[in-house]
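Trainee: I'm new to this structure and would like to look closely at a single part of it. Could you walk me through one sheet and what surrounds it?

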Amino acid sequence: MLIGGAVAVVAIVVAAVVLLSGGSPAPAASSPSDESTVAGVLAPDPASAAEQYLKAFAAGDADGASRLTDDPSGSAAALRDAWATLRPTGVQAKVGQVGAAAGNKASAAYTTTWTLGAGHVWSYDGTFDVVQSGSEWRVHWTLAVLQPKLQAGQRLVVATSAGDEPVVVDRDGKPILVTGPGGTRAADGAAFPLLQSALTGQVHATASDSFAVERVDTAGKNLETLFGKTTSGVQALKSTLSAGVESAAQSAVDGFGGKALIVAIQPSTGGILAVAQNAAAGTGPSALSGLYAPGSTFKIATATAALEAGIATPDASLPCPLTARIGTRTISNEGFDLGTVPMHRAFAKSCNTTFGTLASQLPADGLAKAASQYGLNADFDIPGVATEAGKVVAAAGADEQVEDGIGQGTVQVSPFGEALMAATVAAGKAVTPSLWSDPDLATKVSTRYTAPPAGVLASVRTMMREVVTGGTATGLSRSGTVFGKTGTAQFGSGAEAHGWFTGYRGDVAFVVFLEGANDSGPAVTLGAKFLAGVK
């Protein structure tokens with residue numbers, strides 16, 4: 001218990017946590033071991049209330065800290081906002097003198113120290129009231145509990161410029177993020193919702209001495225600089241993103257009624273051009289790391305494995321019956337029987353029976369090796385974002401291999417991985433995806449890959465072109481010289497399916513993924529809408 005002039009110290013240093021969308025610590029979920037914040041056991045006296053609140057606050061536990069106040073909802077929102085905005089690498093909170101209770105109220109002094117990156121340590125003193133509610137004591141919430149000068153309707157922001165200046169630009173030098181009075185925000189007309197946190201976090205991580213914490217009003221107007229200073233001449237970080245490609249991608253997905261995602265990569269450089277999800281797809285990083293069954297888009301890998309193994313050539317005559325019994329599995333097409341056709345025709349029409357049969361003739365690790373040649377088992381460390389391309393391992397048995405060959409079974413690929421696969425076909429070599437042009441922010445390759453041989457890729461390109469000119473993606477035939485592959489992948493009970501299109505045009509490789517669309521047709525339509533907006 002803290003009484004009179006006794007001083008207790010709560011010093012919790014919180015390590016920075018890098019999220020899929022960006023590099024910032026966030027208010028943590030309640031710890032099951034913290035009885036004061038989970039089990040509902042609140043403080044029996046003013047000193048305990050102050051100590052427990054500051055302990056939870058310093059740990060970034062917004063939920064736990066807020067439950068120790070008399071305004072849980074309002075305090076949780078303000079605490080989350082402060083942590084997300086300041087993005088501290090460490091926080092310390094110390095309880096100072098706690099006055100004797102007068103009636104149902106006591107006053108507690110505190111010191112808070114934020115570490116906001118190298119050379120940016122901000123410390124201040126304040127006081128807050130602790131009030132009694134029955135047998136329990138709670139911190140009386142006002143914004144002054146967070147920072148003594150904050151008043152209702154105000155918030156804290158970070159600024160690295162005295163006036164609005166670009167801090168992140170796209171590949172063409174167009175502003176993506178600007179900073180100035182009111183903090184860092186998206187530039188007008190440049191919205192990268194899924195990457196905002198990643199971009200902002202990298203700005204903070206590389207910030208110069210021009211750095212300030214400001215108190216702003218509801219309109220973002222700077223009322224007072226509380227810490228640091230801002231100077232002009234901020235050096236903007238150059239990203240690989242394209243504001244134009246992102247706008248086309250976001251416009252395409254926003255116009256779709258279901259869950260829609262688009263990822264675009266430049267094959268020649270590996271630069272990520274766009275990452276877009278609509279509101280129905282949520283705010284999680286599904287486009288970059290969500291793993292799904294790829295359906296018939298995986299026939300790119302199956303065809304590659306068959307070509308490399310010498311099982312077939314693009315012109316080899318292969319049966320494409322309506323159904324085929326392969327081992328103990330019965331594989332069927334979507335209502336069509338082509339008879340005997342060249343492999344390239346079976347690919348263009350996405351014949352499951354043909355490619356299930358080819359898969360059954362491959363070595364157990366044949367599909368995994370082919371998938372690895374497209375980067376689906378590669379691993380990259382891209383500053384600011386977390387990605388996962390896919391997970392394709394050797395089949396556990398013959399039946400599983402047949403299912404894997406048509407993109408079902410255990411095969412898992414992300415939209416990011418599908419775009420990487422298309423970029424590899426287009427580039428004719430392994431592609432290293434990147435988000436930044438600055439060499440200091442170059443992608444680190446943890447698991448490398450080597451693309452298929454040039455002759456195999458030439459055959460795959462020819463087959464992918466036929467998909468558009470006379471196969472399952474003719475809806476893109478008026479969108480220029482497009483190469484690609486469609487896919488429909490069942491999931492869950494099998495009653496629903498995802499819709500895919502992956503491919504490229506010129507130096508833009510892209511994927512359209514529609515979760516639960518039950519058909520690849522809408523993905524083709526969305527792909528055409530996207531390409532119509534790409535100049």
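In what order do the strands of the open sheet of five strands come, and is their pairing parallel or antiparallel?

Mentor: Happy to. Please keep in mind that this is a predicted model. The five strands of that open sheet follow the order E14-E13-E25-E24-E23, and their pairing is antiparallel. As background, strands of a sheet pair through backbone hydrogen bonds, either parallel or antiparallel. At the edges stand strand E14 (272–277) and strand E23 (482–491); each has a single partner strand, so one side of each is left without a neighbour in the sheet. Neighbouring strands here are turned by 10° against each other on average, if direction is ignored.

Let's go inside the sheet. Strand E24 (residues 496–505) and strand E25 (residues 508–515) run antiparallel to each other and pair over seven bridges. To find one of these pairs on your screen, start at Phe501: its bridge partner in E25 is Val512. From there, look for helix H15 (residues 521–532), which packs on the sheet and touches E13, E23, E24 and E25. The direction of H15 makes about 140° with that of E25.

A second helix also belongs in this picture. Helix H6 (residues 243–254) lies across strand E13 (259–265) and E14, and runs at about 20° to E14. H6 has twelve residues and spans 16 Å from its first C-alpha to its last, close to the 16 Å expected at 1.5 Å a residue. Its buried residues are Ala243, Val245, Glu246, Ala248, Ala249, Gln250, Ala252 and Val253. Those buried residues pack against E13, E14 and H15, and H15 is the helix we just met on the sheet.

Now for the nonpolar core. The largest one has 114 residues, and Leu195, Leu199, Met343, Leu476 and Phe530 have the most contacts inside it. Leu195 is a good one to click on: leaving out residues up to four places away in sequence, it touches Leu241, Val275, Leu288, Val385 and Leu435. There is also a second, separate core of 43 residues, which includes Trp83, Val91, Leu156 and Val158.

With the five-stranded sheet in view, you can set another one beside it. An open sheet of three strands has the order E6-E10-E11, again with antiparallel pairing. Its edge strands are E6 and strand E11 (222–229), each pairing on one side only. The twist averages 25° from one strand to the next. Strand E10 (residues 211–216) and E11 run antiparallel and are joined by six bridges; Val213 has Phe227 in E11 as its bridge partner. This sheet has a helix across it too: helix H4 (residues 72–86) lies across E6 and E10, at about 5° to E6.

Just before strand E6 in the chain there is a loop worth a stop. Gln147 sits in the loop between strand E5 (136–139) and strand E6 (155–159). At 4% relative accessibility, Gln147 counts as buried. Apart from neighbours within four places in sequence, Gln147 is in contact with Tyr110, Trp122, Tyr124 and Leu226.

Some of these residues lead us to a pair of hairpins. Strand E2 (residues 90–98) and strand E3 (residues 105–115) run antiparallel, joined by seven bridges, and Val98 has Ala108 in E3 as its bridge partner. Six residues lie between the strands of this hairpin, where Gly103 takes a positive phi near 70°. E3 then pairs in the antiparallel sense with strand E4 (residues 121–133) over eleven bridges, with Ser123 in E4 as the bridge partner of Thr113. The hairpin of E3 and E4 has five residues between its strands, and Gly117 in the turn has a positive phi of about 115°.

One more feature to find is the disulfide. A search of the whole structure finds one, joining Cys320 to Cys351 with an S to S distance of 2.0 Å. Cys320 lies in strand E15 (residues 317–320) and Cys351 in the loop between helix H9 (343–348) and helix H10 (352–360), so the pair ties together parts that are 31 residues apart in sequence. Both Cys320 and Cys351 are buried. The torsion about their S-S bond is about 110°, so the disulfide is right-handed.

Finally, step back to the whole protein. Its secondary structure comes to 15 helices and 25 strands, and 53% of its 535 residues count as buried.

Technical notes:
Residues are numbered from 1 along each chain as its sequence is written. This is a predicted model: local features need pLDDT of at least 70, side-chain atom pairs count only at pLDDT 80 or more; totals for chains, interfaces and linings use all residues. Side-chain values use heavy atoms; hydrogens and water are left out. Two strands pair if DSSP finds at least two bridges between them. Helices (H or I, at least four residues) and strands (E, at least two) are DSSP runs, numbered from the N terminus. Axes are lines fitted to C-alpha atoms, for helices over the stretch in contact, and angles run from 0 to 180 degrees between N-to-C directions. Contact means heavy atoms within 4.5 Å. A disulfide is a pair of cysteine sulfur atoms within 2.5 Å. Buried means under 20% relative accessible area, exposed over 50%, partly exposed in between (1.4 Å probe, protein chains only). A nonpolar core is a set of buried Ala, Val, Leu, Ile, Met, Phe, Trp, Tyr and Cys residues joined through side-chain atoms within 4.5 Å. The expected span of a helix is 1.5 Å times one less than its number of residues.
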